[in-house]
Amino acid sequence: MYNAALPSPTGSSNGSATAASPLAAAQATPEEFRAALGQLASGVVLLAAHDPEDGPRGEDVGMTATAFLSVSLEPPLVMVSVREDSRMEEALTRVDHWAVSILSSDQRTAAARFAMKGRVSDRLLFADLPHHRGEISGAPLVDGALATVECRTEQRIPAGDHVLLIGRVLSARIGKQDGAPLVYFRGQYRQLG
């Protein structure tokens, strides 16, 4: 049986301390990271929640997300990444039910509008967007989306300048069956084909 010593974290196989490895200080710059990950095509979703405590009738909050994925089949879990200190993250500290609409290629304008920084109110954006309310979450679901899911937050995981929300899927519906997905690739919204 072959038994080799594994290198220690300091780079020495015998455990003695050596000068710090250049790997220990290595980290991609935000620009390098963004450029490299821009090569990964991502689906585009609209994450939405209804915050009943915001205003006399409550407030709808929405944001475009490309970091959304399936985590588990049993139980059905999904994950979405939300920027820390954003309006959405703030609302989701108070509200544990939310919804995701998987956008079709003809919903590019909605995706772009909900991705704008510094917008005054999501109420105006939802007023111009055909939608209906989820029966479970009360959150806006986009009409004409490829699919929708309604979720309850199971875990909140701090991750750098974002928070990862793991949600249990309480409802999953297929919507528009003949549409193509909206995709985000190299910093632009695109469609397949």
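**Pocket lining and sheet architecture of the predicted model**

The lining of the largest pocket comprises 20 nonpolar, 13 polar and 8 charged residues. The model described here is predicted. In this model, 41 residues line the largest pocket, and Arg34, Thr66, Arg83, Lys117 and His162 are those that lie nearest its centre. Two or more lining residues come from each of the helices α1 (30-37), α2 (87-94) and α3 (108-115), and from each of the strands β3 (59-65), β5 (77-83), β10 (162-174) and β11 (182-185). The volume of the largest pocket is about 1600 Å³.

Several of these elements belong to an open sheet of 7 strands, arranged in the order β3-β2-β6-β9-β10-β5-β4 with antiparallel pairing. The edges of this sheet are occupied by β3 and β4 (68-72); each has a single partner strand, so one side of each is left without a neighbour in the sheet. From one strand to the next, the twist averages 35°. Helix α3 packs on the sheet through contacts with β2 and β3, and the direction of α3 makes about 105° with that of β3. Helix α2 lies across β2 (45-51), β3, β5, β6, β9 and β10, and runs at about 50° to β2.

Within the 7-stranded sheet, the pairing of individual strands can be followed residue by residue. Strand β6 (residues 97-102) is joined to strand β9 (residues 147-159) by 6 bridges in the antiparallel sense. One position in this register is given by Ala99, whose bridge partner in β9 is Glu150. Strand β9 is also joined to β10, with 12 bridges between the two antiparallel strands. Along this pairing, Gln155 has Ile166 of β10 as its bridge partner, and Pro158 is matched with Val163 of β10. The hairpin of β9 and β10 has 2 residues between the strands, and Gly160 in this hairpin adopts a positive phi near 65°.

A further open sheet consists of 3 strands in the order β1-β11-β12, with antiparallel pairing. Here β1 (42-43) and β12 (188-191) stand at the edges; since each has a single partner strand, one side of each is left without a neighbour in the sheet. The antiparallel pairing of β1 with β11 extends over 2 bridges, and Gly43 stands opposite Val183 in β11. Helix α3 lies across β11 and β12, running at about 160° to β12. Helix α3 thus has a place in the description of both sheets, as it also touches β2 and β3.

Aromatic pairing was examined next. A search of the whole structure identifies 2 aromatic pairs. Phe114 and Phe126 form a tilted aromatic pair, with a distance of 4.8 Å centre to centre and an angle of 55° between the planes. This pair links distant parts of the chain, Phe114 being located in helix α3 and Phe126 in helix α4 (residues 122-127), 12 residues apart.

Conventions: Residues numbered from 1 in each chain as written. Predicted model: local features only at pLDDT ≥ 70, side-chain atom pairs only at ≥ 80, totals over all residues. Heavy atoms only, no water. 1 Å grid on protein atoms, 1.4 Å probe; cavity = no way out; pocket = protein on both sides within 12 Å on 5 of 7 lines; lining within 4 Å. Points joined across faces, edges and corners; volume = space filled by probe spheres on them. Helix = DSSP H or I, 4+ residues; strand = E, 2+ residues; numbered from the N terminus. Nonpolar A, V, L, I, M, F, W, Y, C, P; charged D, E, K, R; others polar. Pairing = 2+ DSSP bridges. Contact = heavy atoms within 4.5 Å. Axes fitted to C-alpha atoms, helices over the stretch in contact; angles between N-to-C directions. Phe/Tyr/Trp six-rings, centres within 6.5 Å; stacked < 30°, edge-to-face > 60°.
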